[in-house]
Amino acid sequence: MSPHQNPFLDPSQPHMMTCTVLHWIPVFTREETVSIALDGLAYLAGEGLEVHAYVVLDNHLQLIARSRNLDKSMIRFKQNTGRQLLKYLADHDVRVILDQFAFHRDAGQDERDVAFWQEGMHPELIISDRMMREKIEELHANPVKRGYVDEPEHWRFSSARDYAGGKGLIPIVPWDLGGRG
């Protein structure tokens, strides 16, 4: 993406985004790798990112968030977590996955510059309370659709617990799902 393209229609409003691991490589199969991604979101929350909902699956994460500079926040998230996740994989000698990243490296790209995340986030502006409710429900339903759990709130790596009256793994800014719009 060129520096002049901004896929966020209004970076200060909530957007649903998907961050996909390069070539859909299943990296989020260990609690430690999921923690790196969630810690990255929690860190940015301390700097003004409002996470309204999230789910982490084996090869991608989806979230609904907003901040004054959502585009910049998400770029920082992907840069920082990508670097940390590749370091974790190298430190723990996860050769099968590291070899997959190396295989998909761009020609001429130095081994130290391997990308972790696919480019883009496919942001979708949330334009109403109704749309927000639908997107949160859609996001939380993903682990159920995949057959991982029977109920959305049973998936640990999601904000579904927060919306069911429990406590998720990272703080969120819950959206009032009773709203109209």
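Guide: Quick ground rule before we start: two strands count as paired if DSSP finds at least two bridges between them. And keep in mind that this is a predicted model.

Visitor: How many bridges join strand E1 to E4, then?

Guide: Strand E1 covers residues 15-20, and E1 and E4 run antiparallel. Met16 stands opposite Glu124 in E4. Pairing needs at least two bridges, and the number joining E1 to E4 is 2.

Visitor: Cool. Which strands are the edge strands of that sheet?

Guide: It's an open sheet of 4 strands with antiparallel pairing, in the order E2-E3-E1-E4. An edge strand here pairs on one side only. That fits strand E2 (50-56) and strand E4 (124-125).

Visitor: What packs on the sheet, touching E1, E2, E3 and E4?

Guide: Let's go through the helices. H2 packs on the sheet, touching E1 and strand E3 (60-66), and its direction makes about 20 degrees with that of E1. The other one makes about 30 degrees with the direction of E2 and touches E1, E2, E3 and E4. That's helix H4, residues 129-145.

Visitor: On to the second largest pocket: which helix gives the most to its lining?

Guide: The lining includes Lys72, Ser73 and Arg76. The top contributor spans residues 70-91 and gives 3 residues. So by those residue ranges, we land on helix H2.

Visitor: And what volume does the second largest pocket have?

Guide: Its lining has 2 nonpolar, 4 polar and 4 charged residues. Leu44 and Leu49 are among the lining residues, as are Glu47 and Arg68. The volume of this second largest pocket is about 170 Å³.

How values were computed. Residues are numbered from 1 along each chain as its sequence is written. This is a predicted model: local features need pLDDT of at least 70, side-chain atom pairs count only at pLDDT 80 or more; totals for chains, interfaces and linings use all residues. Side-chain values use heavy atoms; hydrogens and water are left out. On a 1 Å grid over the protein atoms alone, a cavity is a set of points where a 1.4 Å probe fits but cannot get out, and a pocket is an open set with protein on both sides within 12 Å along at least five of seven lines; lining residues have an atom within 4 Å of a point. Grid points are joined across faces, edges and corners, and a volume is the space filled by probe spheres set on the points. Ala, Val, Leu, Ile, Met, Phe, Trp, Tyr, Cys and Pro count as nonpolar, Asp, Glu, Lys and Arg as charged, and the others, Gly among them, as polar. Contact means heavy atoms within 4.5 Å. Axes are lines fitted to C-alpha atoms, for helices over the stretch in contact, and angles run from 0 to 180 degrees between N-to-C directions.
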